[in-house]
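Notebook open, model loaded. I want to go through the sheets, then the cores, then the hairpins.

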Amino acid sequence: MNKRPDSAGLTFRQDYFGDPAGWAALVCLLQDIFGIDIGPLQQLGGPDPTSMPFGWFDAEGALAANISAFALPFVLNGRIIHAAGLQSGAVRPPWRGRGLYRDLTVKALDWCERQGFEAVILYTDKPSLYEAYGFRAIPQHRYEGAAPDPSIFSGTARLLTPSNADDLALLQSLLKARSPVSSSLSVTVNAAMFLINTQLDPDVRVSLLEDRQAIIAWKMDAAGRFSLLDVVATEIPTIEEILGGLDIASAAVEVFFRPDKLGWAGAPQPVNSGTVLMLRGLGDEVPHFPAMLSPMADF
Ligand SMILES: CC(C)(COP(=O)(O)OP(=O)(O)OC[C@H]1O[C@@H](n2cnc3c(N)ncnc32)[C@H](O)[C@@H]1OP(=O)(O)O)[C@@H](O)C(=O)NCCC(=O)NCCS
């Protein structure tokens, strides 16, 4: 696993998000490989400050290969796990098959171990790439069920626009103080991912329930079905309060995390999105109940 990579013509660097050229090289790599534009993150408070990128740069300063680690504490079965996340793993086609990705993965995992993280998580559509490093897949489940009748339609929620400075400041302060949205499986803080995910999916709406100081990330599909993606608050409101505040009368609800704090019980459904959540560490622990990380935490 520690074979030397063929890195002729390339220079290894780490910790380059503070260097505008290094950050720009990553934005460009992710645009080219995944068609994702993380550039707007710079106007939304910047990349996660705990990020530690590892990469091979070519002579022109372009990134040939990258993987980034960052602190991603999450709750699993009621306990906060001091975990790291791995993201933005990619190698440009001309540089593939030379062991560059293996090299960066080993370097990132060594760093995670030296930092004392007790677990590492990632999302991938190529689970076999990570099994050799001890990662295992964690099944993901959303919940479906009938919507409760909101007793009071207050309709007081207002839509937030993360690119608006006042709305961004409000989002950031609530994200900083949030409680885990589920005791089974949920992130504790990850403001940067929440904020960029509001930009990557144009269907995501972000509303403020003023009286509850709660941010609701949600969607409505063409058939009028309500999807609850995340709730950011110190005290999680019930689903009645959420539907009432948003003034939504949907017959059915889908919740993309375990709804143990919503005062509502749906039926768990496996999520087969093509990407797999993988965990390294913690023995063979898995969520005690069907659960998933909110799509707003996707990284
Ligand atoms: C997947 C990817 C990162 C591999 O990069 P690479 O530099 O060619 O990988 P390496 O040469 O370091 O090979 C590392 C190992 O991965 C294996 N591997 C390479 N591509 C793979 C793939 N598509 N699926 C599964 N395993 C793969 C190699 O066989 C090698 O195994 P070994 O360590 O047992 O020898 C690269 O093809 C890529 O950027 N793809 C598009 C983006 C992507 O899928 N990123 C990862 C998603 S989380």
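**Entry 1: the seven-stranded sheet**

I started with helix H1, residues 20-34, and asked what it lies across. H1 crosses strand S2 (52-57), strand S3 (63-71) and strand S6 (83-91), and runs at about 70° to S6. Worth keeping in mind that this is a predicted model.

Next I looked up the sheet that holds those three strands. Seven strands make an open sheet, and reading across I get S1-S2-S3-S6-S7-S17-S8, with mixed pairing. At the edges sit strand S1 (11-14) and strand S8 (136-138), each paired on one side only. From one strand to the next, the twist averages 25°.

I then checked how edge strand S8 is attached. S8 pairs with strand S17 (residues 276-281) in the antiparallel sense, over three bridges. Within S17, Met278 is the residue opposite Ala137.

**Entry 2: the three-stranded sheet**

There is also an open sheet of three strands, in the order S5-S4-S11, and its pairing is antiparallel. Strand S5 (79-81) and S11 have a single partner strand each, so both have one side without a neighbour in the sheet. The twist here averages 30° from one strand to the next.

Which residue does Leu76 bridge to in S5? I find Arg79 as the bridge partner. S4 and S5 are antiparallel, and three bridges join them.

**Entry 3: the cores**

Which residues touch the most other members of the largest nonpolar core? I get Leu26, Phe74 and Ile121, out of 35 residues in that core. I also listed the elements that give two or more residues to this core: H1, S3, strand S4 (74-76), S6, strand S7 (119-124), strand S11 (185-187), helix H5 (191-200) and S17. H1 gives the largest share, six residues.

Why does this core lie between the two domains? Domain 1 (11-139 + 272-289) and domain 2 (142-269) both supply residues to the core, so the core sits between them.

I zoomed in on Leu26. Leaving out residues up to four places away in sequence, Leu26 touches Phe17, Ile38, Leu63, Asn66 and Ser88. Apart from the largest core there is another one, of 28 residues; Ala64, Trp95, Ala108 and Tyr133 are among them.

**Entry 4: S13 and its two hairpins**

Last stop was strand S13 (residues 214-220). Is S13 largely enclosed or open? Five of its seven residues are buried, so S13 is largely enclosed by the rest of the structure.

I followed S13 to its partners. With strand S12 (residues 205-209), S13 pairs in the antiparallel sense over five bridges. Leu208 faces Ile215 of S13 across that pair. The hairpin of S12 and S13 has four residues between the strands, and there Gln213 takes a positive phi near 45°.

On to strand S14 (residues 226-232): S14 and S13 run antiparallel and are joined by six bridges. Lys219 has Ser227 in S14 as its bridge partner. How many residues lie between the strands in the hairpin of S13 and S14? I count five, and Gly224 in this hairpin takes a positive phi near 80°.

A reminder to myself on pairing: strands of a sheet pair through backbone hydrogen bonds, in either a parallel or an antiparallel way.

Key: Residues are numbered from 1 along each chain as its sequence is written. This is a predicted model: local features need pLDDT of at least 70, side-chain atom pairs count only at pLDDT 80 or more; totals for chains, interfaces and linings use all residues. Side-chain values use heavy atoms; hydrogens and water are left out. Two strands pair if DSSP finds at least two bridges between them. Axes are lines fitted to C-alpha atoms, for helices over the stretch in contact, and angles run from 0 to 180 degrees between N-to-C directions. Contact means heavy atoms within 4.5 Å. A nonpolar core is a set of buried Ala, Val, Leu, Ile, Met, Phe, Trp, Tyr and Cys residues joined through side-chain atoms within 4.5 Å. Buried means under 20% relative accessible area, exposed over 50%, partly exposed in between (1.4 Å probe, protein chains only). Domain bounds come from an automatic or database domain assignment.
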